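Trainee: Could we go through this model together, taking one local feature at a time and reasoning each answer out?

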Amino acid sequence: MFSTMAVKKAAESFSKALADEVQRWGGMKQTGVSLRYMMEFGARPTQKNLLLSAQFLHKELPTRIARRAIELEALPFGLSDEPAVLKVRDWYLDSFRDLRSFPEIKDTSDELAFTQMIKMIKVRHNNVVPAMALGVQQLKRDMNRKVVPEELEEIHQFLDRFYLSRIGIRMLIGQHVALHDPDPEPGCIGQINTGLSPMLVAQIASEDARSICYREYGSAPEVNIYGDPNFTFPYVPSHLHLMVFELVKNSLRAVQERHMNSDKEVPPVRIIVADGIEDVTIKISDEGGGIPRSGLPKIFTYLYSTAKDPPDENYKGVSNGVTMAGYGFGLPISRLYARYFGGDLQIISMEGYGTDAYLHLSRLGDSQEPLP
């Protein structure tokens with residue numbers, strides 16, 4: 001439940017009628033779904049099922065969006081007043097209005113119109129991650145007084161809830177939209193690939209990360225991948241790509257910067273894919289010098305990055321929401337993607353040598369999505 005303070009502040013900021021509506025929907029119960037349920041339901045994308053899915057989203061999405069709109073109004077240290085955060089709040093309010101003004105969904109033509117509308121909502125929210133990152137950058141720049149870490153913890157917890165909710169909203173919209181594909185790829189149910197090869201995703205994500213490393217440094221360490229090339233399991237390819245890409249990118253940068261002026265051969269980044277009974281685990285190991293033990297607790301916070309801060313005034317937006325080095329959002333967001341379907345991300349570091357990242361992905365698919 002939200003504090004009266006948060007609701008009161010929200011009510012003062014936008015029109016009374018809208019504030020009442022947002023408050024009412026923000027207080028409603030959310031309904032979580034599991035990967036297994038999405039696969040079983042989506043395996044039969046009949047008109048009846050698509051209608052049921054649209055009716056569910058018509059009620060579920062306003063609740064999830066309203067909760068975030070209320071929170072965006074009541075952030076500490078004036079974060080709610082930063083221009084980038086105000087823009088994000090307006091996107092959420094616009095989407096809430098669109099959903100609430102859409103009439104009851106009764107037939108296929110209603111369902112198709114609703115699908116077009118939520119597709120536009122997803123596009124509207126494409127830049128939420130970099131925009132919120134920019135808001136945090138603006139806040140860090142504006143903060144002159146010394147802030148105790150406990151106070152910043154409140155911002156960290158909000159961002160965890162906010163991004164976890166965003167992953168859920170985008171997954172629900174994306175899954176519904178993808179079920180309309182008249183010619184899906186073999187083994188795909190909406191956004192879920194029932195026969196996804198983690199080796200193949202790791203290979204593609206590594207190539208993407210290496211091309212960025214090349215662009216920045218003029219060279220890139222090799223990436224060696226070990227595991228069973230024939231092994232597959234059900235997962236969302238875009239989620240897995242994002243996580244592996246982010247982890248490999250971090251490793252490449254660490255190795256490149258540590259060995260830049262060395263005459264010795266640059267050590268490769270190693271990826272190992274293991275197929276367990278409960279989890280598929282992907283380990284990404286580098287010899288990039290590691291992270292000091294004192295720095296480890298900070299790596300999953302949104303206010304920390306080992307890269308130089310990006311020039312936020314020149315920010316133009318990132319169309320696909322992939323976070324670049326500098327904002328410090330890559331690791332915490334990757335961990336949220338892993339946790340969304342019941343997995344996790346752990347980092348173990350050996351200062352003076354390198355870092356191992358363990359990406360655990362639950363292969364059972366029964367875990368309900370967490371509902372912040």
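The exchange below concerns a predicted model, and it turns to burial, contacts and strand pairing.

Trainee: Is His58 buried or exposed?

Mentor: His58 has its place in helix 4, which covers residues 47-72. Its relative accessible area is 13%, and the cut-off for burial is under 20%. Because 13% falls under that cut-off, His58 is classed as buried.

Trainee: And Glu60, is that residue buried or exposed?

Mentor: Glu60 is likewise found in helix 4. Its relative accessibility comes to 4%, and since the limit is under 20%, Glu60 counts as buried.

Trainee: Which residues does Glu60 touch, not counting those up to four places away in sequence?

Mentor: For comparison, His58, with its neighbours within four places in sequence left aside, is in contact with Leu99, Phe102, Pro103, Glu104, Ile105 and Phe114. With residues up to four places away not counted, Glu60 touches Lys29, Gln30, Thr31 and Leu172.

Trainee: In which sense, parallel or antiparallel, do strand 3 and strand 5 pair?

Mentor: Strand 3 takes in residues 223-226 and strand 5 residues 269-275, with four bridges between them. One point of reference is Asn224, which stands opposite Arg270 in strand 5. The sense of this pairing is parallel.

Trainee: What is the bridge partner of Ala274 in strand 6?

Mentor: Strand 6, residues 279-286, runs antiparallel to strand 5, and six bridges join the two. The connection from strand 5 to strand 6 is a hairpin through three residues. Within strand 6, the bridge partner of Ala274 is Thr281.

How values were computed. Residues numbered from 1 in each chain as written. Predicted model: local features only at pLDDT ≥ 70, side-chain atom pairs only at ≥ 80, totals over all residues. Heavy atoms only, no water. Buried < 20%, exposed > 50% of the residue type's maximum accessible area, 1.4 Å probe, protein only. Contact = heavy atoms within 4.5 Å. Pairing = 2+ DSSP bridges.
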